[in-house]
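Ready to practise reading a protein structure? Work through the exercises below with the sequence and the model side by side, and try each task before you look at its solution.

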Amino acid sequence: QVHVVESGGGLVQAGGSLRLSCTASGRTFSSYAMGWFRQAPGKEREFVTGISWSGPATLYADSVKGRFTISRDNAKNTVYLQMNNLKPEDTAVYYCASVTLDYRSRYYVPKSETEYDYWGQGTQVTVSS
């Protein structure tokens, strides 16, 4: 069982920045691929960005490219989501997810919800106009 916990959400004005953190338990964090998803009111949950456990390789949704950056610190079992130039349409609950992948998939970044095994409770991000 992996326990995933997000933090760092809040209220920010359009154009502002926030950094989300996600900590995942377990001694094999370095072999976890990690992803961030978000769900806005009345909408389905969508992929935002993900990072492989080696490389690392990263993947971004078109809507956040150039504004969001994902990174990881394996020593702290933590993945970060730096969000800059935030827009009102970025308002959502942000979820972090993890999955353990083997060596052959060390550069793989899962994009589908069904590929992830463990999820956090989510953290609210609200961007005011």
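## Exercise 1: Two unusual asparagines

Asn-85 lies in the loop between E8 and E9. Before we go on, note that this is a predicted model, in which local features need pLDDT of at least 70 and side-chain atom pairs count only at pLDDT 80 or more, while totals for chains, interfaces and linings use all residues. Residues are numbered from 1 along each chain as its sequence is written, and side-chain values use heavy atoms, with hydrogens and water left out.

**Task.** Find out whether Asn-77 is buried or exposed, and do likewise for Asn-85.

**Solution.**

Step 1. Place the residues. Strands (E) are DSSP runs of at least two residues, numbered from the N terminus. Asn-77 belongs to the loop between E7 and E8.

Step 2. Look at the backbone. Asn-77 has a positive phi of about 50° and is not a glycine; Asn-85 also has a positive phi of about 50° without being a glycine. Most residues other than glycine have a negative phi.

Step 3. Apply the cut-offs: buried means under 20% relative accessible area, exposed over 50%, and partly exposed in between, with a 1.4 Å probe and protein chains only. Asn-77 has 18%, so it is buried. Asn-85 has 41% and therefore counts as partly exposed.

## Exercise 2: A threonine inside

**Task.** Describe the surroundings of Thr-49.

**Solution.**

Step 1. Find Thr-49 in strand E5, which covers residues 46-51.

Step 2. Check its accessibility. The relative accessible area of Thr-49 is 0%, so this residue is buried.

Step 3. List the contacts (heavy atoms within 4.5 Å). Leaving out residues up to four places away in sequence, Thr-49 touches Met-34, Gly-35, Trp-36, Leu-59, Tyr-60, Ile-70 and Leu-81.

Step 4. Look for a polar atom close by. A polar atom of the Thr-49 side chain is 2.8 Å from the backbone oxygen of Leu-59.

## Exercise 3: One strand, two partners

**Task.** Which strands pair with E11, and in which sense, parallel or antiparallel?

**Solution.**

Step 1. Recall the rule: two strands pair if DSSP finds at least two bridges between them.

Step 2. Take strand E2 (residues 10-13). E2 and E11 run parallel and are joined by 4 bridges. Within this pairing, Gly-10 has Val-125 as its bridge partner.

Step 3. Turn to strand E9 (residues 92-100). E9 pairs with E11 in the antiparallel sense over 3 bridges, and Val-93 stands opposite Gln-124.

Step 4. Compare the faces of E11 (residues 123-128). Thr-123, Val-125 and Val-127 form the covered face, whereas Gln-124, Thr-126 and Ser-128 form the uncovered one.

## Exercise 4: The nonpolar cores

**Task.** How many residues has the largest nonpolar core, and which element gives the most to it?

**Solution.**

Step 1. Know the term: a nonpolar core is a set of buried Ala, Val, Leu, Ile, Met, Phe, Trp, Tyr and Cys residues joined through side-chain atoms within 4.5 Å. In soluble globular proteins, nonpolar side chains tend to be buried together.

Step 2. Read off the core. The largest one has 28 residues, and Met-34, Trp-36, Phe-68, Val-79, Met-83 and Tyr-94 have the most contacts inside it.

Step 3. Name the contributors. E3 (18-24), E4 (32-39), E5, E7 (68-73), E8 (78-83), E9 and E11 each give two or more residues to this core. E3 gives the most, with 4 residues.

Step 4. Look elsewhere. Another core of 8 residues lies apart from this one, including Trp-53, Ala-97, Val-99 and Tyr-116.

## Exercise 5: Rings that meet

**Task.** Why is the pair of Phe-37 and Trp-119 called tilted?

**Solution.**

Step 1. Use the cut-offs: rings of Phe, Tyr and Trp (its six-membered ring) pair if their centres lie within 6.5 Å, and planes under 30 degrees apart count as stacked, over 60 as edge-to-face and the rest as tilted. The whole structure holds 6 aromatic pairs.

Step 2. Insert the values. The ring centres of Phe-37 and Trp-119 are 5.0 Å apart and the planes are at 55°, so the pair is tilted.

Step 3. Locate the partners. Phe-37 is in strand E4 and Trp-119 in strand E10, so the pair ties together parts 82 residues apart in sequence.

Step 4. Try a second pair. Tyr-116 and Trp-119 have ring centres 6.2 Å apart and planes at 70°, so this pair is edge-to-face.

Conventions: Polar contact = N/O pair within 3.5 Å; in protein donor to acceptor, adjacent residues only side chain to side chain.
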